[in-house]
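Thanks for coming. I will take a few minutes to walk through one protein chain, with the structure up on the screen.

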Amino acid sequence: MKACFAALALLASAMVRADPPTQLMNIYREGELKFAPSKMVPGVSQAVVSGNPAKPGEVYVVRNRFAPNTFSPPHFHPETRYITVIKGTWWVGSGAKFDPSTTTAVPAGSFVVHHANQIHWDGAKDEEAVVQIMGVGPSATIRVDETGRPKDN
């Protein structure tokens, strides 16, 4: 019996390996990401996974977490963004007029391209939604009024 437990312990320890060297690859596990509340939208938090969204020419990856019933107001970004829905259903709308009843459902596993300088808004309805966004900096979020003109943030 002791030999059986020893063999199981040895097998289990052989299956657990250290991460490869960081020169080879960087692994970021879900629990290690540090989400910070958005300064612009209550109910949204963001974690920078890789890169620096503010740095010109640098590829960045961020994750946004939308609490249920949370939407960003109409805005645009100066760069094209590539978005994967990781969890929940993300709802997207376009144009300067904010109307959640006109949104399109984008379920987990879907991919979206937000083209540069196009006004949109997005968020979560009845469940949390998590999206991963990739782009090339510098990134910015420019809010707009109902006529589509940039607002002072």
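**A short walk through the chain**

The side chains of Glu 79 and Tyr 60 are joined by a polar contact of 2.5 Å. Please keep in mind that this is a predicted model. Glu 79 sits in the loop between E5 and E6. Is Glu 79 buried or exposed? Its relative accessible area is 7%, and the cut-off for buried is under 20%, so Glu 79 is buried. Leaving aside residues up to four places away in sequence, Glu 79 touches Tyr 60, His 114, Ala 116, Val 136, Pro 138, Ser 139 and Ala 140.

One residue on that list, Pro 138, needs a comment. A cis peptide bond joins Gly 137 and Pro 138, with omega at about 10 degrees. Pro 138 is in the loop between E11 and strand E12, which covers 142-143. As background, most peptide bonds are trans, and most residues other than glycine have a negative phi.

That brings me to two asparagines. Asn 69 has a positive phi, near 60 degrees, and is found in the loop between E3 and strand E4 (70-71). With a relative accessible area of 64%, Asn 69 is exposed. Asn 117 also has a positive phi, near 65 degrees. Asn 117 belongs to the loop between E9 and strand E10 (120-124), and at 46% relative accessibility it counts as partly exposed.

Asn 117 is one of the residues that Phe 76 touches. Others include Ile 119, His 120, Ile 142, Val 144 and Pro 150. Phe 76 is in strand E5, residues 75-76, and counts as buried at 15% relative accessibility. How far apart are the C-alpha atoms of Phe 76 and His 120? They are separated by 6.2 Å, although the two residues are 44 apart along the chain.

Now the overall layout. The chain has one helix and 12 strands. Along the sequence the helix comes first, followed by the strands. Of the 153 residues, 31% count as buried. Among contacts between residues at least 6 apart in sequence, 68% join residues at least 24 apart. The accessible surface is about 9,600 Å², and 59% of that belongs to carbon and sulfur atoms.

Next, the interior. In soluble globular proteins, nonpolar side chains tend to be buried together. Here the largest nonpolar core has 15 residues, and Phe 66, Ile 83, Trp 90, Val 131 and Ile 133 touch the most other members. Strands E3 (59-66), E6 (81-87), E7 (89-94) and E11 each supply at least two residues of this core. Phe 66 touches Trp 90 and Val 131, and its other contacts include Gly 43, Val 44, Asp 122 and Glu 128.

There is nonpolar material on the outside as well. Which residues make the nonpolar surface patch of about 530 Å²? They are Val 59, Tyr 82, Phe 111, Val 113, Met 134 and Val 136. Strand E9 (111-114) and strand E11 (129-136) each supply at least two of the patch residues. Val 113 lies in strand E9 and, at 32% relative accessibility, counts as partly exposed.

Last, the charged pairs. Side chains of opposite charge can pair when their charged atoms come close. How many salt bridges does the count come to? It comes to seven.

Asp 19 forms one of them with Arg 29, where the closest N and O atoms are 2.8 Å apart. Both residues are in the loop between H1 and E1, 10 residues apart. Asp 19 is partly exposed, at 40% relative accessible area, and so is Arg 29, at 39%.

Arg 65 takes part in two that I want to show. The salt bridge between Glu 30 and Arg 65 has its closest N and O atoms 3.9 Å apart. Glu 30 is in the loop between H1 and E1, while Arg 65 is in strand E3, 35 residues apart. Glu 128 and Arg 65 also meet in a salt bridge, at 3.8 Å from N to O. Because Glu 128 lies in the loop between E10 and E11 and Arg 65 in strand E3, this pair ties together parts that are 63 residues apart in sequence.

As for exposure, Arg 65 is partly exposed at 26%, as are Glu 30 at 46% and Glu 128 at 24%. These three belong to a network of salt bridges that links Glu 30, Arg 63, Arg 65, Lys 87 and Glu 128.

That is my last slide.

Terms used:
Residues are numbered from 1 along each chain as its sequence is written. This is a predicted model: local features need pLDDT of at least 70, side-chain atom pairs count only at pLDDT 80 or more; totals for chains, interfaces and linings use all residues. Side-chain values use heavy atoms; hydrogens and water are left out. Helices (H or I, at least four residues) and strands (E, at least two) are DSSP runs, numbered from the N terminus. Buried means under 20% relative accessible area, exposed over 50%, partly exposed in between (1.4 Å probe, protein chains only). Contact means heavy atoms within 4.5 Å. Patches are made of residues with over 30% relative accessible area and no salt bridge: like charges are joined within 9 Å, nonpolar side chains (Val, Leu, Ile, Met, Phe, Trp, Tyr) within 5 Å. Accessible areas come from the Shrake-Rupley method with a 1.4 Å probe; for residues, only the protein chains shown count as cover. A salt bridge is a side-chain nitrogen of Lys or Arg within 4 Å of a carboxyl oxygen of Asp or Glu. A nonpolar core is a set of buried Ala, Val, Leu, Ile, Met, Phe, Trp, Tyr and Cys residues joined through side-chain atoms within 4.5 Å. A polar contact is a pair of N or O atoms within 3.5 Å; within protein, one must be able to donate a hydrogen and the other to accept it, and residues adjacent in sequence count only if both atoms are side-chain atoms.
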